[in-house]
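Visitor: I would like to go through the ligand site. Could you show me the model?

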Amino acid sequence: MQRLQSYVYGTWHTGTGEHRPLYDPTTEEVLAECSSEGVDFGKVVNHGREVGGPALRGVGFAARAGMLKALSAAIHEHREELIDLSVRNGGNRRGDAKFDIDGATGTLAAYASFGKRLGDEAFLPDGDGVQLGRTARFWGQHVRVPRRGVAVHINAFNFPAWGMGEKMACALLAGMPVIEKPGTPSALLAWRIAQIIVESGVLPEGAFQFIAGGAGDLLDHLGAQDCVAFTGSSKTGSMLKGHRALLDRNVRMNIEADSLNAAILGPDVGSGDEVMNEFLGNVVTDMTQKAGQKCTAVRRILVPSDRLDDVVSALVDRLSAIKVGDPGNDDSGMGPLASKSQLADVRAGIERLAKVGKTACGGAGSVDGLEKGYFVAPTLIVADDPHADAVHADEVFGPCATVLPYSGEAADAVAITNRGGGGLVASVYSNDWNWSQDVVLGIAPWHGRVWIGADKTAGQAMAPGVVLPHMVHGGPGRAGGGEELGALRGLEFYTQRVALQGYQGTVGRTFGPKSEG
Ligand code: NAP
């Protein structure tokens with residue numbers, strides 16, 4: 001039996017005690033097991049702070065950007081092997097596996113390119129300086145400096161590669177050592193990437209540590225210079241937010257959680273419009289990619305009532321044509337859910353939604369012809385009432401979405417969408433810019449990202465479910481209230497902004513933005 005190890009204080013540690021099994025969700029076979037018992041988490045934190053941090057900050061931003069580039073290349077070299085692990089332990093189709101793995105290497109490479117222009121100073125100027133006194137002698141300048149602690153990254157099971165890569169990219173570029181803890185059910189892929197990172201020798205010792213298994217008492221050891229970036233369910237996020245040690249010491253925390261992402265079809269869109277085709281394609285992709293286990297997947301589909309029948313029938317045609325089965329087979333269009341408990345949660349969620357509408361395709365039952373594995377069919381439910389509480393209450397983290405008929409009025413679309421209580425992304429499809437603007441401005445305060453589709457961009461834009469390193473990712477309310485990525489904005493979480501006030505000749509000249517050339 002393969003035992004996953006943790007990489008802590010410069011060595012690979014095999015856990016003791018009871019181990020948690022990791023499954024192949026297609027065959028239900030146990031593939032590996034892991035435990036973090038016996039890890040001294042206080043020592044892990046000190047090792048990061050005292051060994052990794054100073055080594056990382058001993059070089060500047062541009063040099064750390066070079067490390068990210070090398071890490072991206074080292075991981076990419078093992079792409080085929082990693083895809084195979086992702087298919088086996090994550091139940092991902094090859095395309096879904098690439099989405100995760102290339103997402104990780106792509107984000108590391110993107111941050112390498114954002115960082116290479118930052119030079120080799122130990123700080124980043126933050127905006128322009130400002131005259132504070134009667135004359136320009138007394139001057140103010142904001143700068144950002146790397147925090148002196150560790151960055152703890154707790155990730156969800158659904159993106160073992162990208163989740164680790166995108167968080168590491170920002171923290172390491174900022175100059176903070178990382179402690180990576182993946183979601184256990186799919187940790188095989190993250191563990192193999194951890195091995196590649198360690199073997200590559202790209203990072204100085206202590207800059208990267210990896211926990212296979214539970215987080216133990218890790219959080220109890222954190223202090224004011226440390227950060228926790230968490231991705232997972234809003235339930236776990238809320239529990240961690242209330243952690244006594246984190247509260248008492250004001251440990252900085254970022255939470256990426258659930259989201260009932262909406263796709264909103266405008267009343268002007270007809271069946272012949274390019275944007276209609278794009279809407280149908282994106283909804284189906286976002287519902288079924290990674291079997292719907294994507295934080296950005298579409299959960300609620302707003303459709304003008306007078307188009308309901310046509311749109312539902314077009315979606316059902318596309319969803320029913322997807323062959324559910326072994327993700328390793330080329331003809332399979334969607335694999336299983338990642339774990340048995342995921343399957344139980346998704347079935348229970350579908351049953352709750354089915355009570356407030358009609359099931360147009362799929363359902364909570366088993367999939368014909370599949371005896372083993374955690375499979376569920378793509379499921380579309382048409383709600384009787386777009387305001388039904390069940391639709392806006394729980395995220396069903398699988399290939400399931402609910403169609404919500406609405407009047408076509410922008411105000412109506414805004415009111416229904418915002419009932420989600422805060423989301424990562426909403427997509428708006430219309431060729432009527434006045435209507436789109438009303439919807440965009442109405443939903444913007446409740447979302448981290450709004451994706452706007454029209455004939456002009458049809459065929460040119462990636463689906464709304466794709467998170468890009470250049471744009472911020474996160475969202476208010478139930479989405480966790482956090483923010484990641486967004487190019488150099490992603491470094492803010494890992495740095496301390498400090499206002500410097502003094503003589504312009506020293507403060508302004510040393511810490512102000514350097515003019516190009
Ligand atoms: P989860 O059950 O909340 O677990 C998330 C992570 O928290 C896992 O690594 C888990 O470890 C860890 N954890 C659980 N209890 C902990 C504790 N007491 N102390 C420290 N760590 C603890 O979520 P999940 O089932 O893995 O992921 C699915 C959820 O993630 C969905 O709700 C999805 O929407 C959300 N998600 C959000 C985003 C986003 O960017 N907003 C992205 C992806 C997923 P173990 O696995 O070892 O229990």
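Visitor: How many residues surround the ligand, and which are the closest?
Guide: There are 27 residues around the ligand (each with a heavy atom within 4 Å of it). The closest are Thr184, Ser233, Thr236, Glu395 and His473.
Guide: This is a predicted model, where local features need pLDDT of at least 70, side-chain atom pairs count only at pLDDT 80 or more, and totals for chains, interfaces and linings use all residues. Residues are numbered from 1 along each chain as its sequence is written, and side-chain values use heavy atoms, with hydrogens and water left out.

Visitor: What lies 2.6 Å from an oxygen atom of the ligand?
Guide: An N or O atom in the side chain of Thr236. For Arg20, a side-chain N or O atom is 3.3 Å from a ligand oxygen.

Visitor: And which backbone comes in?
Guide: A polar backbone atom of Gly232 is 3.4 Å from an oxygen atom of the ligand.

Visitor: Which helix gives the largest share of the shell?
Guide: That is α7, with three residues; helices here are DSSP runs of H or I, at least four residues, and strands are runs of E, at least two, numbered from the N terminus. Both β11 (227–231) and α7 (234–241) supply at least two shell residues.

Visitor: Why does the ligand lie between two domains?
Guide: Because domain 1 (41–257 + 482–511) and domain 2 (261–473) both contribute residues to its shell; the bounds come from an automatic or database domain assignment.

Key: Polar contact = N/O pair within 3.5 Å; in protein donor to acceptor, adjacent residues only side chain to side chain.
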